[in-house]
2 protein chains.
Amino acid sequence: MIQLDKKETTDHLYLEVYRYYRDLIQNGKMLPGSKMPSLRKCAQELKLSRTTIENAYLQLAADGYILAKAQSGYYVTEISVHQRQKASSRYSQSVNVRFDFSSAGVDRESFRFDLWSRYIKSALRQDQRMLTYGEVQGEPDLRQVLADYIRHRRNIQCSPDDIVVGASVQCLLQVLCPLLKSRYHSVSFPNPSFVQGSTIFQDFGFQLHYRDKNSQVIYVSPAHMTKWGEIMPVSRRLELLEYASQRESLIIEDDYENEFVYLQKPTPSLFGLSGGQNVVYIGSFSRLLLPSIRISFMVLPPSLLDAYRKKADFYNQTASKAEQIALCQFIRDGHLASQTRKLKRLYAQKGKQLCQILSTVFGKEYSIKMGPAGTSLALTLPCVVSTDIVHKETEKKGLRIPVLSETADTKTFLLSYSAMEVQDFLPACHILKETLQSLSVS
Amino acid sequence: MIQLDKKETTDHLYLEVYRYYRDLIQNGKMLPGSKMPSLRKCAQELKLSRTTIENAYLQLAADGYILAKAQSGYYVTEISVHQRQKASSRYSQSVNVRFDFSSAGVDRESFRFDLWSRYIKSALRQDQRMLTYGEVQGEPDLRQVLADYIRHRRNIQCSPDDIVVGASVQCLLQVLCPLLKSRYHSVSFPNPSFVQGSTIFQDFGFQLHYRDKNSQVIYVSPAHMTKWGEIMPVSRRLELLEYASQRESLIIEDDYENEFVYLQKPTPSLFGLSGGQNVVYIGSFSRLLLPSIRISFMVLPPSLLDAYRKKADFYNQTASKAEQIALCQFIRDGHLASQTRKLKRLYAQKGKQLCQILSTVFGKEYSIKMGPAGTSLALTLPCVVSTDIVHKETEKKGLRIPVLSETADTKTFLLSYSAMEVQDFLPACHILKETLQSLSVS
């Protein structure tokens, strides 16, 4: 219900209504494009005549705050946006980015939306199942399929009862951290880049370190050791397990991008190598399916299962039930396996093509770091101006490209090529070259 | 990769394979219904002949562990379930519950699956949008629609930038608690029943109290004060706000079931009454749409927005992007409003019908507590035997009915009637009556 200060004189009631909405629009509480209440409804709610409301609306329209659309009603215009506080500027998309090397999205052509859509529809047809809350630990049939999947692909022997499903790696860590808190107090991450993970540990009061072997919890992404796709060799994996077992530390193995190992055989998982002793395994599908499908899972070792089961009922399942049911059947029917093969081929090829283009564009002036896996490479170029200026100038020309590190006379850029289309590689690289040239001249 | 202890004599290799899978099945690492690897694949992986594998499978089938399905392959049977440890018994559904007064599900007939399905399909058709991660704070268009929605229905003036979307109330609390930790250390819940909420505060080290006015954070569900539908009157709301403002405590207003107020006008929200000062508003849709659709949201007051914005980028969005896009358009097109009207009518009617049936079945021996809102009532009956025995005996007869409280000679049951069908009320009540009668005689 809207409340107005109704003045004594009814003459200016419409102005009260006018000011009420004008303020809402100016404060950004009604954004451009939002629909005004219908005259009838507004009149009803405010217990005023329709004419009063209409007068107010006409005044708002006259002042440009709203706009009438035939057969539809009144809508807030763009006019007042300029007057608004910049509170929301953080959320505004940069307008003209045509080429984006920073995107962690997936290749546009790679995903079969029609197919996924069919699985979702079929999940929604399971009326009775959709009418209730999901299993706290994740849908049982999905957990069975996941157990089979990681047994075949990652050498992990576990029961569906050992698997916990969640909407994201973060959601899983939010369930895991409280279980660890009584026993462990420090955590080590390989580097500061996975802030979504380290934030959760910090939220729960863990001491956060980087590359610190003495931490009680060691978080690793063995298939994604560096952003440019280096992976942890088996010998190092065995060393790490041995070291952790001696010190009774816990390893959290985030198997991110394990499917995208091109140049060698996939290395066995830490969980598999250790037989599940003191390793938590985390898997996710954002790189295989769509980033917008929110399903991850973790496998808990026996040492944590009891503690988890005591608390499990206190947590809600976070992943969408429809997406869980769809993913289960999608995997059963072999589509995840074929999608994985397809993406692996595609990304290996795209990486190669990008390398060729870099060589064509930059001649002998560049160096590349590119591991045997992943969907990114690190490109080092001579450049003496500051990172800020490089970002500003490239974005002006429609190119977004993150800087990974810098020295006095070089910049190392990170080029993620999973989402960018191949035909964009060349123009994007040319923009980078031209920008750096013009900056070095000026 | 599977690893076997290959013995010297190749004669019994098939037995090794047999034992390997038998153990997996007996340990519950392969559950009934899961598919065995194909003969070809298994032979390839183990570097054994197809005949060896086939012999092993035939032996497994002969012993009843697996079953061949024509044109499809081998599947694990139910046989070994009985031998398994009861580790997973927690997850097994009670088999014969025909009537369930404990379900927080929604009425089967009430939800238009076809309609929702169409909105999801249309969301999935937005290819480009589905290819990227969602906005950390929630999709902007959904937040706009939510801001409009609560302005009209809950008297809340806020901008879409003040709204944070998450997969569940828990997910939101997991973002909120770290923001509160530096300023607040104690939290009060009205009672121990919302364990999903209190757990999160405990996970973050808050002191947990019940009905404690001195706590720094006060968690309330004003539209769901008791399980049987009592709501907080406006006078009490104003008192609470006044008290909290004097002591600078923070109120978290969980507006659960606010749409299901039948017998009086909806009371204004605390957030609206306070103008958003020191109140966090939480809304969700599990009771209006499907419990399996995981979308909730919170409105942060100005005092918390800055702290949130500094950390926002460190959190992933937990709610499914497709479901967010679908919900946005669903609300825009007026379906949430009509669904709400429909459910409100339906549940008011079901409550009345259940009351009539209770009167018919229990004559003068019972008393009911039923507030002006909600989808449950509290039924007190004479009963001298223990709650455990009542549960055991009713479940034997196919009725699940939770006990809310007890005295020496009465039990108070909680009857949730949102999910149960009307035609089941009478037989369910008869089972309860007969069980109590037979227990009082024996």
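Copies are superposed by least squares on the C-alpha atoms of residues with pLDDT of at least 70 in both. The model is predicted, so local features need pLDDT of at least 70 and side-chain atom pairs count only at pLDDT 80 or more, while totals for chains, interfaces and linings use all residues. Residues are numbered from 1 along each chain as its sequence is written, chains are lettered from A and ligands numbered from 1 in the order in which they are written, and side-chain values use heavy atoms, with hydrogens and water left out.

**Exercise 1. Determine which turn and shift lay chain A on chain B.**

Step 1. A turn of 180° with a shift of 0.0 Å along the axis lays chain A on chain B, and the RMSD is 0.3 Å.

Step 2. This is therefore the relation of a two-fold axis.

Step 3. The same surface serves both copies, since 100% of the contact residues of chain A recur in chain B, where contact means heavy atoms within 4.5 Å.

**Exercise 2. Describe the domains and secondary structure of chain A.**

Step 1. Chain A is divided into domain 1 (10-85), domain 2 (99-107 + 343-441) and domain 3 (109-338), with bounds that come from an automatic or database domain assignment.

Step 2. Between domain 1 of chain A and domain 2 of chain A, the C-alpha centres lie 48 Å apart.

Step 3. The secondary structure of chain A comes to 15 helices and 15 strands, which are DSSP runs (helices H or I, at least four residues; strands E, at least two) numbered from the N terminus.

**Exercise 3. Work out where L336(B) and R143(B) are found, and whether each is buried or exposed.**

Step 1. The cut-offs for relative accessible area are under 20% for buried, over 50% for exposed, and in between for partly exposed (1.4 Å probe, protein chains only).

Step 2. L336(B) is found in helix 13 (residues 335-362) of chain B and is buried, with a relative accessible area of 0%. Leaving aside residues up to four places away in sequence, L336(B) touches Y149(B), F285(B), L288(B), L289(B), F330(B) and I331(B); of these, L289(B) is 47 residues from L336(B) in sequence and 8.0 Å from it in space, C-alpha to C-alpha.

Step 3. R143(B) belongs to helix 6 (residues 140-154) of chain B and counts as buried at 2% relative accessibility. Its contacts, again without residues up to four places away in sequence, include E135(B), P160(B) and D161(B).

**Exercise 4. Examine the salt bridges, and explain why the pair K311(B) and D203(A) joins two chains.**

Step 1. A salt bridge is a side-chain nitrogen of Lys or Arg within 4 Å of a carboxyl oxygen of Asp or Glu, and by this rule the count comes to 32 over all chains.

Step 2. The side chains of K311(B) and D203(A) meet in a salt bridge (2.6 Å, N to O). K311(B) lies in helix 11 (residues 302-311) of chain B and D203(A) in helix 8 (residues 195-203) of chain A, so the pair joins two chains. Both K311(B) and D203(A) are buried.

Step 3. Another salt bridge pairs E393(B) with K396(B) (3.2 Å, N to O). Because E393(B) and K396(B) are 3 residues apart in helix 14 (residues 387-396) of chain B, about one helical turn separates them, and K396(B) counts as exposed at 60% relative accessibility.

Step 4. E406(B) forms a salt bridge with K411(B), the closest N and O atoms being 3.2 Å apart; E406(B) is partly exposed at 47% relative accessibility, whereas K411(B) is buried at 1%.
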